[in-house]
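Colleague: Pick one buried spot in this model and take me through it closely, then work outwards to the rest of the chain.

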Amino acid sequence: MRRKYNKKHVYIGGGMFLCFLFTFILAVTVGSLKIPISEIWNVIGHHTIGFPNQVDPTLDAVLWSLRFPRVVLAMVVGASLALAGVLYQGVLRNPLADPYILGVSSGSATGAIIAILSGIGAGIWGMWFISLSAFIGAFIATVSVFLLAGRELRTNTLILAGVVIHALFGAIITFLLSMSVEQMSRIQYWLMGSFSLREWTHIWILIPVILVVMAVAWFTQRELNLFAVNARTAAHVGVSVKKTRFLLLILASLLTAMVVSISGVIGFVGIVIPHLIRMIIGANHRFLIPYSILAGATFMMASDLLARTIFDPRELPVGVITAFLGAPFFSYFLYKWRRNL
């Protein structure tokens, strides 16, 4: 019986990896300039191991300076948002917990906009100051949601608290934009989520954070599984419930803030992807964490591909695509949850 269980997960994991690889190749080759698949490996080999091959300068510039950074950033952002969703849902024992729904993304965006408009986001250290300001906004939003929702953290009160905090920070964002009309259109476009004009620098900023959060999430999978049963059960077997919850929530908020500061507000990934994976492989975080990361990366690459090709040469904000795809799923999950009450 155990062997069957392991084989099932191997097949699912293999299928998901093939889907991930196919989406990556499609996202890199398809665009305003069609690129042969063979050129992808030539450019990668040329820039990583110095492989002496003939690379077309135009294709090299498009792939390495534009296409690759965008696709890889979409991959990392999707993985980050899916992982943040897994952590929020696991720690709060709430299937509808998500950075976007809880207003954490709005808090991050508010902090980032304050940094941009105040001028501290300029210069060589500007991106780090923007990320720090976004994290402060995310932390304030998270604490505010908990204070409004109360100790029990029921689904209905949590969602209502998230709606209130989201609306509050949305009003603050509108006020800030109205005070800076010259930057309004640029910031509004960024708020809807975009990977346009992003460089390798943005990826190197985000990668250390997601690696740390992934490592902590992996080593606390047992605690997350115990939280899914009951916090008292976790405490009885020696888990420091308050410290573990605080650590994981802080890391999930930090990850969300970093994503928002780089790519803007992208909704529904953190709730839809963990739910779909949970429906396929179950609630064991040993599999839920890595499979959600892989699925989140694939989903975001596909969404960004649609965003930049569906109305070519015009480009849609990627947040519009994820909202169109994610909102129906969220409605279904909410309806299913209400029926189970």
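**A close look, starting at V145**

Modeller: Let's start at V145, which belongs to helix α5, residues 126–149. (Helices are DSSP runs of H or I with at least four residues, strands are runs of E with at least two, and both are numbered from the N terminus.) Before going further: this is a predicted model, where local features need pLDDT of at least 70 and side-chain atom pairs count only at pLDDT 80 or more, while totals for chains, interfaces and linings use all residues. Numbering starts from 1 along each chain as its sequence is written, and side-chain values use heavy atoms, with hydrogens and water left out.

V145 has a relative accessible area of 1%, so it counts as buried. That word means under 20% relative accessible area, with exposed being over 50% and partly exposed in between, using a 1.4 Å probe and protein chains only. Leaving aside residues up to four places away in sequence, V145 touches L102, L158, A161, G162 and I165; a contact here is heavy atoms within 4.5 Å. For a sense of reach, take S196: it is 51 residues from V145 along the chain, and the two C-alpha atoms are separated by 32 Å.

Now for a second buried site. S261 is part of helix α11, and at 6% relative accessibility S261 counts as buried. With residues up to four places away in sequence not counted, S261 touches A112, M127, I130, S131, A134 and W190. In space, S261 is 7.3 Å from S108, C-alpha to C-alpha, although their positions lie 153 residues apart in sequence.

S108 brings us to helix α4, residues 104–118. This helix has 15 residues and reaches 21 Å from its first C-alpha to its last, close to the 21 Å expected at 1.5 Å a residue, where the expected span is 1.5 Å times one less than the number of residues. Of the 15 residues of α4, 11 are buried, so the helix is largely enclosed by the rest of the structure. The buried set in α4 includes S108 and A112, along with V104, G107, G111 and I113. Right after α4 comes G119, with a positive phi near 95°.

Another positive phi turns up at F268, near 75°, and this one is in a residue other than glycine. F268 sits in the loop between α11 (241–263) and α12 (269–281). F268 has 13% relative accessibility, so it counts as buried.

Over in helix α3, residues 57–92, you'll find F68. F68 is buried, with a relative accessible area of 2%, and apart from residues up to four places away in sequence F68 touches F24, V28, I40, V43, I44, L63 and W200. One of those partners, I40, is 28 residues from F68 in sequence and 9.4 Å from it in space, C-alpha to C-alpha.

For contrast, try H236 in helix α10, residues 231–236. At 70% relative accessibility, H236 counts as exposed. The C-alpha of H236 is separated by 41 Å from that of T322, which is 86 residues away along the chain.

Zooming out, the protein chain has 14 helices and 0 strands. Its radius of gyration is 20 Å, close to the 20 Å that the globule rule gives for 341 residues, so the chain is as compact as a globular protein of that length; the radius is taken over C-alpha atoms, and the rule is 2.2 Å times the number of residues to the power 0.38. Along the principal axes, the C-alpha trace spans about 65 × 60 × 35 Å.

Of the 341 residues, 51% count as buried. Among contacts with a separation of 6 or more, residues 24 or more positions apart account for 75%. The chain exposes about 16900 Å², of which carbon and sulfur atoms supply 69%; areas come from the Shrake-Rupley method with a 1.4 Å probe, and for residues only the protein chains shown count as cover.

Last, the charges: there are 25 positive and 11 negative side chains, and the centres of the two sets lie 21 Å apart. Lys and Arg count as positive and Asp and Glu as negative, with His and the chain ends not counted; each charge is placed at NZ of Lys, CZ of Arg, CG of Asp or CD of Glu.
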